[in-house]
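This report covers salt bridges and internal cavities in one protein chain. The sequence and the structure come first, and the text follows.

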Amino acid sequence: MIRRLFSTLITDYPPVGEFLPAASTNPSQSTQNGSANNGGVTTFRSPHLESLNWLHTVSPCFPVSGDRIEIIYEPSAFYNTLVSKCSVAKRRIMLASLYLGIGSKETQLVNAIHDNMKQNLQLKVDVLLDFTRGTRGEKNSQTTLMPLLRESDNFRLSLYHTPVLRGLTKKLAPPRWNELLGIQHMKLYLVDDTVIISGANLSNDYFTNRQDRYVMIEDAKLADFYADFLNKVQEFSLKVNRNGEACLHENWNMLPYKSAQVDFAGEARERIRNYFKGVLERQRSVCKEDTVSDTWIFPLIEMGQLRIHHDSLATKHLLSGCLKDSKLKLATGYFNLTETYMDTLTKDCQAECSILMAHPNANGFLGAKGPAGGIPAAYSLIARKFYEKLKQSGQDHRVSLFEYERPGWTYHAKGLWYYLPDSSLPNVTLIGSSNFGERSVNRDLEAQICVVTTNGGLQRKLQSEFENILQHSTTAEAELTARPVPRWVRAVVGLFRNFF
């Protein structure tokens, strides 16, 4: 039975596709000097940023003042900000996460929302979580939120159910194992006109001693964009009613685990694609010279199970387009970079690179029961093989590996910081839920933003953010080479690396 289950897990998976929302040109066709035809979209005028003009062809752009962006450095500040914002929200709260925990801090957050809804009858609250994770256990995310759902028509709970989990696999795969096929992994927290984008979930560890990244942006247009985007995702997610039953959204007619997988994925893909296309076309129709903004935000998404590959294509182009004498700092909570990313970093990237990952002692899977307990060793093995590849290619002088280890803490931060030539501060950052790994590209729903900035204050904040993380890190090459890896991990890591 177990063998049959794993066979189903490996083979019951949609084909890989491509997705660039309404791009007038393929980014690979854009020139480094910014002379490509961008369909009327305003391009960067600064000579230092012209190499990034291709971003305007693949994503909507939201120009803002960098002074309206805050970097949150610690999980406790992230939690306090969420509670404070949700306590005084006037119009809307939208929370998208993998799951909501069931501890005291999570309860306090829910109570803050609940109390606000009682006082403000105009406040609308939407929560989007993953179905499998959000319903795991007798007490779970859904049961925690049911009091709000039963008391107000202004509260909506949606659970995304992957269309890959179906049939025999859905019946036989136990909790935790059924999450291997794909989950809702986006971390978007929207309160009125404030958007917090992070890699952190809504649970105790992420509020106390699990290092992540968090950026808070005050911008009405960006907030409206993400509100409408999450509404689209909610359409093909399951809606929980007051009886606790998961049913179809009123604008959707296909159950993810019963309808034909290709039909479900195809319709969901078209709705997301049409949404991005519409936003990009509206922006082009009102395009004008931007001489005020110093920061530009490009939303990126990845939904591999729906054959939406947007973030990964943009990330690959960003890596391959790094200029000579530039610097790149890349971080991932779980080192399982795709072969494409590793090849790009080894062969095409010209930047001096530092890659930061979790030390096994800072890995959230350390000490887990069963096969999951071998995951930290598997990540170490993959990192070691990458380092060996760098040495074989003669690129180990250009790419350095670091591991985060802090007593009592785990590590979950991901993203990148890109420094243009002759710049001592970051000009670009990617931040969001993607770990740049196999799951992020091929299985889970991910959301990330690319921030391009010339705002000195924001650049210094981004530099401080990286230094804050790096202070708990050490070089990893020697330890990776010497670190023992169990034989059984070495035997299975190649077969199952696209599941973690």
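Is Arg91 buried, partly exposed or exposed? Arg91 is partly exposed, because its relative accessible area is 42%. The model is a predicted one, and the values below are computed from it.

**Salt bridges around Asp193**

The structure contains 18 salt bridges. In one of them, the side chain of Arg91 meets that of Asp193, with 2.8 Å from N to O. This pair joins distant parts of the chain, 102 residues apart. Arg91 sits in the loop between helix H3 (75–88) and strand E3 (92–96), while Asp193 sits in the loop between strand E6 (188–191) and strand E7 (194–198). Asp193 is partly exposed, at a relative accessible area of 27%.

Asp193 also forms a salt bridge with Arg92, where the closest N and O atoms are 3.3 Å apart. Arg92 belongs to strand E3 and Asp193 to the loop between E6 and E7, so this salt bridge ties together parts that are 101 residues apart in sequence. Arg92 has a relative accessible area of 13% and is therefore buried. Arg91, Arg92 and Asp193 belong to a network of salt bridges that also includes Asp224.

**A salt bridge within a helix**

Glu267 and Arg271 form another salt bridge, with 2.8 Å between the closest N and O atoms. Both residues lie in helix H10 (residues 261–285), four residues apart, so about one helical turn separates them. Arg271 counts as partly exposed at 21% relative accessibility. The cut-off for buried is under 20%. Glu267 is also partly exposed, with a relative accessible area of 31%.

The three salt bridges described above are listed here.

| Salt bridge | N to O distance |
|---|---|
| Arg91 – Asp193 | 2.8 Å |
| Arg92 – Asp193 | 3.3 Å |
| Arg271 – Glu267 | 2.8 Å |

**Cavities**

How many cavities of 30 Å³ or more does the structure hold? There are six cavities of that size. The largest cavity encloses about 70 Å³ of space. It is lined by 13 residues, and those closest to its centre are Ala358, Asn363, Pro376, Tyr379 and Ser380.

Which elements each supply at least two residues of this lining? They are strand E15 (352–358) and helix H13 (375–392). H13 contributes the most, with four residues. By class, the lining of the largest cavity consists of eight nonpolar, four polar and one charged residues.

Key
Residues numbered from 1 in each chain as written. Predicted model: local features only at pLDDT ≥ 70, side-chain atom pairs only at ≥ 80, totals over all residues. Heavy atoms only, no water. 1 Å grid on protein atoms, 1.4 Å probe; cavity = no way out; pocket = protein on both sides within 12 Å on 5 of 7 lines; lining within 4 Å. Points joined across faces, edges and corners; volume = space filled by probe spheres on them. Nonpolar A, V, L, I, M, F, W, Y, C, P; charged D, E, K, R; others polar. Salt bridge = Lys/Arg side-chain N within 4 Å of Asp/Glu carboxyl O. Buried < 20%, exposed > 50% of the residue type's maximum accessible area, 1.4 Å probe, protein only.
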